[in-house]
Amino acid sequence: MLRIYCGENYDEMSRKAANIIAAQVITKPDCVLGLATGSSPIGTYKQLIDWYEKGDLDFSQVSTVNLDEYQGLSHEDSQSYYYFMNENLFKHVNIDQAHTNLPNGLAKNVEEECERYNKVIQSCGGVDLQLLGIGHNGHIGFNEPAEVFEKETHLVELAESTIKANARLFENENDVPRHAFTMGIKTIMQAKKVVIVVSGEDKAKIIKEAFFGPVTPKVPASILQMHNDVCIVGDKAALSLI
Ligand code: GLP
């Protein structure tokens, strides 16, 4: 089932998404959260931190698996998703760092790293709630438009448009890594619940295409139409075409 929650603006969207995640953590304190990076979930994380500080949330038993990581960036690199997660969530709440997981961007052997990450996800017992953003080309995690849906963790070559979109966070476009590790589509689809946060007019078209157009690997997020429990949490601008 697809549920759509609309907030007036980014902050309201973030609060609604955080409410869904908070409900998950409260009802299953040892849940596995699948987490995302990007601008879209930052407000959601801020709200969760706020509720944690007020004593309303406890992350001590929560485990996390992140969607993706750039290849070649170390944990200390401020552009790595490891760094992002620490800055935007982990270091502010009582999560056990040993229970947080991301692909290792510095892994020498790509195949081994993909295998390792698949096992990490399996050994957590699967994802209870997967938080997602969406790229302008419909990518989820770093599953870029392709001829087939890639199932499990793999290394991707980033689309030119993704490099351009993410360049805003780097000093210059050449610094954006060309490759990244990402969880696969099958793994994302196996999450019990999927919450996708989306904000801004520039995402309106892809949201319409992904959720109301044909299901195709050319729009990776479109596969979510086949999932049983998906919430789109958006602001008015992002939901303006649906
Ligand atoms: C990045 C991430 C995705 C994210 C997307 C959208 O490339 N790998 O997981 O959903 O871009 O990012 P934003 O929320 O900043 O628009």
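This is a short walk through a predicted model, one selection at a time.

**Stop 1: the largest pocket**

Start by selecting T37, G38, S39, N166 and R168. Of the residues lining the largest pocket, these lie nearest its centre. The full lining runs to 36 residues, and the pocket has a volume of about 680 Å³. What sort of residues make up that lining? Colour them by type and you should get 14 nonpolar, 18 polar and four charged.

Now bring up the secondary structure around the pocket. Strand 4 (68-70), helix 3 (81-88) and helix 5 (160-166) each give at least two residues to the lining. Helix 3 comes back later in the tour.

**Stop 2: S40, in a loop**

Next, click on S40, in the loop that links strand 2 to helix 2. Is S40 buried or exposed? It is buried, because its relative accessible area is 10%, under the 20% cut-off. Show its surroundings, leaving out neighbours within four places in sequence, and you will find contacts with Y10, M13, V197 and K203.

**Stop 3: helix 2**

Follow the chain from that loop into helix 2, residues 42-53. Try a quick check with the distance tool: how far apart are the end C-alpha atoms of helix 2? They are 17 Å apart, which agrees with the 16 Å that twelve residues should span at 1.5 Å a residue.

Select G43, T44, Y45, Q47, L48, I49 and W51 to see the buried residues of helix 2. Their packing partners are helix 1 (10-27), strand 2 (32-35), helix 3, strand 6 (129-132) and strand 9 (193-198). Some of the spacing in that selection may make you think of helix geometry. An α-helix has 3.6 residues a turn, so residues three or four places apart point the same way.

Zoom in on Q47, which sits in helix 2. Q47 counts as buried because its relative accessible area is 15%, below the 20% limit. Setting aside residues up to four places away in sequence, Q47 touches R15 and A18. Before you leave, look just past the end of helix 2, where G55 has a positive phi of about 90°.

**Stop 4: I20, in helix 1**

Move over to helix 1 and pick I20. I20 is buried too, with a relative accessible area of 15%. Which residues does I20 contact, apart from neighbours within four places in sequence? Light up Y5, L129, K193, V195, C231 and V233 to see them. For a longer view, draw a line from I20 to N143: these two are 123 residues apart along the chain, and their C-alpha atoms are separated by 24 Å.

**Stop 5: the cysteines**

C231 has just appeared beside I20, so this is a good moment to show the cysteine sulfurs. How many disulfides are there? The count is zero. Take C31: the nearest cysteine sulfur belongs to C124 and is 11 Å away. For C231, the nearest is that of C6, 14 Å away. C31 and C231 therefore fall far outside the 2.5 Å that a disulfide calls for. C31 is buried, with a relative accessible area of 0%, and C231 is buried as well, at 1%.

**Stop 6: helix 3 and the loop before it**

Go back to helix 3. Its buried residues are Y81, F84, M85 and N86, and they pack against strand 2, helix 2, strand 3 (63-66), strand 4 and helix 5.

Now select Y83, also in helix 3. Y83 is partly exposed, with a relative accessible area of 30%. Beyond its neighbours within four places in sequence, Y83 is in contact with H75, E76, D77 and S78. Measure across to L73 as well: it is ten residues from Y83 in sequence, and the C-alpha atoms are 9.8 Å apart.

Finish on one of those contacts, H75, in the loop between strand 4 and helix 3. H75 is partly exposed, at 36% relative accessibility. Apart from neighbours within four places in sequence, H75 is in contact with S80, Y82 and Y83. For a last distance, try H75 to G105: 30 residues apart in sequence, 8.2 Å apart in space from C-alpha to C-alpha.

Terms used:
Residues are numbered from 1 along each chain as its sequence is written. This is a predicted model: local features need pLDDT of at least 70, side-chain atom pairs count only at pLDDT 80 or more; totals for chains, interfaces and linings use all residues. Side-chain values use heavy atoms; hydrogens and water are left out. On a 1 Å grid over the protein atoms alone, a cavity is a set of points where a 1.4 Å probe fits but cannot get out, and a pocket is an open set with protein on both sides within 12 Å along at least five of seven lines; lining residues have an atom within 4 Å of a point. Grid points are joined across faces, edges and corners, and a volume is the space filled by probe spheres set on the points. Helices (H or I, at least four residues) and strands (E, at least two) are DSSP runs, numbered from the N terminus. Ala, Val, Leu, Ile, Met, Phe, Trp, Tyr, Cys and Pro count as nonpolar, Asp, Glu, Lys and Arg as charged, and the others, Gly among them, as polar. Buried means under 20% relative accessible area, exposed over 50%, partly exposed in between (1.4 Å probe, protein chains only). The expected span of a helix is 1.5 Å times one less than its number of residues. Contact means heavy atoms within 4.5 Å.
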